[in-house]
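Please open the model in your viewer and keep the sequence panel visible beside it. The tour goes from one selection to the next, and each stop says what to look for there.

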Amino acid sequence: MTDKADDIAALLSPTVAAMGLELLGIEYLPAPGGATLRLYIDVPAAEAATRMVGIEDCEAVSREVSAQLDVEDPISGNYTLEVSSPGIDRPLFGAAQFARFVGESAKVTLKLPQDGRRRLQGGILRVEGGTVVFALDGAEFAVPVANIDKARLVPDWVAQGLAPAQDKSGRDLRPGKQKKAAGKATRAHSTNKAATSGSSDAE
């Protein structure tokens with residue numbers, strides 16, 4: 001997250017937590033016509049097996065957060081507020097979230113190039129303090145969390161039952177060789193919000 005997103009996340013996290021949800025992270029995307037403020041929410045990890053974020057959760061968080069942003073006014077000018085569940089290809093924010101998904105694959109964009117790379121995709125091997133170690137091209141590739149611009153999990157579509165298991169010849173190994181349609185797991189609710197321009201809390 002950017003410094004601006006970090007500040008807004010720190011402001012809104014207690015509000016989301018009070019609703020029995022977790023604020024995973026925020027994307028703040030400024031643009032000439034108005035910024036986009038995108039919040040990703042989820043149920044606490046302890047409840048993940050029995051509960052999922054629904055559209056009602058997104059709508060409720062949007063209402064509460066909108067009211068708080070009206071009072072705190074951290075963004076000058078017009079912006080659009082979006083609240084979404086993480087989805088199957090969930091975004092990752094911070095070392096703790098990478099540690100939670102050790103063993104899975106992630107697609108990462110870096111702020112500054114490392115070894116000539118700005119983008120990479122590899123398995124999450126471990127987290128060491130503020131560094132995430134990936135399996136990349138048969139070797140380990142360590143990236144400071146502070147240098148990660150964006151990161152998302154890469155879903156295992158076969159494990160999800162959304163892609164066919166195949167043998168070495170490419171034959172579908174599932175009974176009946178029938179494909180399942182891939183469903184979209186993300187729910188979102190968007191609200192257009194115009195903050196007071198000329199606020200004393202300028203960016």
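Begin by selecting helix α1, residues 3-17, together with β1 (22-29), β2 (35-42) and α2 (55-72), since these last three are the elements against which the buried residues of α1 pack. What you have on screen is a predicted model, and this corner of it is a good place to learn how its parts fit together. To see which side chains are involved, show Lys-4, Ala-5, Ile-8, Ala-9, Leu-12, Thr-15 and Val-16, which are the buried residues in α1. An α-helix has 3.6 residues a turn, so residues three or four places apart point the same way.

While α1 is still selected, follow its length: the helix has 15 residues and reaches 21 Å from its first C-alpha to its last, close to the 21 Å expected at 1.5 Å a residue. Pause at Leu-11, where there is a kink of about 35°, shortly before the proline Pro-14.

Next, select Leu-12, Leu-23, Ile-26, Leu-37, Leu-39, Ile-41 and Val-65, which, of the 23 residues in the largest nonpolar core, touch the most other members. Two or more residues of this core come from each of α1, β1, β2, α2 and β3 (78-84), and α1 gives the largest share, five residues. In soluble globular proteins, nonpolar side chains tend to be buried together.

Now centre the view on Leu-39 alone. Which residues is Leu-39 in contact with, once its neighbours within four places in sequence are left aside? The contacts are Leu-12, Leu-23, Gly-25, Ile-26, Val-65, Leu-81, Glu-82, Val-83 and Ser-84. Apart from this core lies another one, of 17 residues, and you can find it by selecting some of its members, among them Phe-98, Val-132, Val-143 and Leu-153.

The next stop concerns aromatic rings, for which a search of the whole structure finds two pairs. Select Tyr-40 and Phe-93, whose pair is tilted, with 6.0 Å centre to centre and 40° between the planes. Tyr-40 lies in strand β2 and Phe-93 in the loop between β3 and α3 (95-100), so this pair ties together parts that are 53 residues apart in sequence. Both Tyr-40 and Phe-93 are buried.

Then move to Phe-98 and Phe-134, an edge-to-face pair with 6.1 Å centre to centre and 85° between the planes. Here Phe-98 belongs to helix α3 and Phe-134 to strand β6, so the pair ties together parts that are 36 residues apart in sequence. Phe-98 is buried, with a relative accessible area of 1%, and Phe-134 is buried as well, with a value of 0%.

From there, select strands β4 (residues 105-114) and β5 (residues 117-128), which run antiparallel and are joined by six bridges; one place to check this is Lys-107, whose bridge partner in β5 is Gln-121. The two strands form a hairpin with two residues between them, and Asp-115 in the turn has a positive phi of about 50°. Adding strand β6 (residues 131-136) shows that β5 and β6 pair in the antiparallel sense over five bridges, with Glu-128 standing opposite Thr-131 in β6. β5 and β6 also form a hairpin with two residues between them, and in its turn Gly-129 has a positive phi of about 65°.

Finally, zoom out to the whole chain, where there are three helices and nine strands, following the pattern α-β-β-α-β-α-β-β-β-β-β-β along the sequence. Buried residues make up 37% of the 203 residues in the chain.

How values were computed: Residues numbered from 1 in each chain as written. Predicted model: local features only at pLDDT ≥ 70, side-chain atom pairs only at ≥ 80, totals over all residues. Heavy atoms only, no water. Helix = DSSP H or I, 4+ residues; strand = E, 2+ residues; numbered from the N terminus. Expected span 1.5 Å × (residues − 1). Bend = angle between axes of the 7 residues up to and from the residue. Buried < 20%, exposed > 50% of the residue type's maximum accessible area, 1.4 Å probe, protein only. Contact = heavy atoms within 4.5 Å. Pairing = 2+ DSSP bridges. Core = buried A, V, L, I, M, F, W, Y, C linked by side-chain atoms within 4.5 Å. Phe/Tyr/Trp six-rings, centres within 6.5 Å; stacked < 30°, edge-to-face > 60°.
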